[in-house]
Amino acid sequence: MTRIPYRLPLVAAACLASAPGCGDTVGDPSLAARRDSAGVEVVEARRPLWGDARGWTVDPEPLVDLALSGSGEKHLFHAVRGMVGISDGSVAVADGGSEEIRLYSAAGEFRGSAGGRGDGPGEFDLIVGLTRGRGDTLIALDHSDRLAVFAADLTFARYLPLPPFALAAHALDDGTLVVETEMMSLEILEAGGLVRVPTVLWRLDPNDAGADSIGRTAGEEQHVVVSGPRAGQTGTLFGRRSHIATHGGRIYLGHAGSMEVEERTAAGELVRILRIPGFPLALSPESIDEERSAMLGDDPPAWWERTVADIPAPSTRPAYDGLLPDPSGAVWLRPFRGRSEQQVPETWQVLAGDGTWLGGVQFPLDFRVMEIGMDVVLGVRRDELDVEHPQVLRLDRD
């Protein structure tokens, strides 16, 4: 572990030992197998527990819709960038339109707000995300590479400076934070073609002045076109990116190349791998053609047609496009959907805390999941007029 006060490190990626080891099974051996690989537990799911039966369900009828539970500007939302539940049942929302953190009761009544656009105490340049810390502390990531810390009643506490190019912040149960920052590399971009720009992971102690670098991820896949001294990013077809989440004292990391999630300690040490071998990810030529068409849009100029035609086509899709642990320790994996695949509901795959693959849970169309609890899900639905509705949906685990 390297102690660096906000300097961008050259961190070596952790090597994953692949030598197979002997092991036993998790519960029913037809469901999953467990083995040891150089001190790292590997759990491989063989089939979903639920099979073809109905498993957990999400009720599309909201328990609370914050856009309808009151009137006035505090019930109008634009570019919601975070939504978390508080222990008393209330809900905090990071609204990008007003750059505010707003608090609502369990019934959807507006309780108060903090922040706003500006340079004053507790104000934001641009809210990037929202997470919940110890004791219902609310922690908002600002675009200006700092965290704004608020008490549960939205009283502003302080700012925490971050390493440059911060992308996300996640809380651990000991009060420390895992911060992900983009690793800017001219060498990667200058090479051109299909590249992945790594991100650096830091462990930040709010009571300390520095940060510990604890590893890095493969980052986001980008297609870079080099023309003379200039390099530009054009987007990708079914591009992969890494995903980070935390639960308790663990960090969950996924690179999305396969249906696999790494479980790491707060210090970044790899301790377990959850895997679903053979999960279908193959892309057909028709899927690639549809994705290029969606990327082109209507009546594209000739230069854009040439650019999109030159973007390499992958043979497989990303395994997932997000991961969220729930309070039980289960890991939920959001399915990847391309530009041409947005008009179908999302069916998240769920891995139980012991690595057993439970099956899929379908969410309503146009609903963006932000937090998964034991019996509710928080997220935002867009209506036919493109109006955002922060909602609380019932999750039935029977």
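Let's start at a turn: in the hairpin of strands β28 and β29, with 5 residues between the strands, Asp386 takes a positive phi near 70°. Strands here are DSSP runs of E with at least two residues, helices are runs of H or I with at least four, and both are numbered from the N terminus. This is a predicted model, where local features need pLDDT of at least 70, side-chain atom pairs count only at pLDDT 80 or more, and totals for chains, interfaces and linings use all residues. Residues are numbered from 1 along each chain as its sequence is written, and side-chain values use heavy atoms, leaving out hydrogens and water.

**Around strand β29**

- Strand β29 covers residues 388–396, and 7 of its 9 residues are buried, so the rest of the structure largely encloses it. "Buried" means under 20% relative accessible area, "exposed" means over 50%, and "partly exposed" is in between (1.4 Å probe, protein chains only).
- Its hairpin partner β28 (residues 376–382) pairs with β29 in the antiparallel sense over 7 bridges; two strands count as paired if DSSP finds at least two bridges between them. Within this pair, Val380 has Pro390 as its bridge partner.
- Strand β4 (residues 57–58) also runs antiparallel to β29, joined by 2 bridges. Here Thr57 is matched with Asp396.
- Strand β5 (residues 64–65) is another antiparallel partner of β29, again with 2 bridges. Val64 bridges to Val392 in this case.

**A spot on strand β2**

- Asp36 sits in strand β2 (residues 32–37). With a relative accessibility of 38%, Asp36 counts as partly exposed.
- Asp36 and Arg272 are 236 residues apart along the chain, yet their C-alpha atoms are separated by 9.0 Å.

**The whole protein**

- Overall, you'll find 3 helices and 29 strands.
- The radius of gyration is 22 Å, which agrees with the value near 21 Å for a compact globule of 398 residues. That radius is taken over C-alpha atoms, and the globule rule is 2.2 Å times the number of residues to the power 0.38.
- Along the principal axes, the C-alpha atoms fill a box of roughly 60 × 55 × 50 Å.
- Buried residues account for 51% of the 398.
- Take the contacts (heavy atoms within 4.5 Å) between residues at least 6 apart in sequence: 48% of them join residues at least 24 apart.
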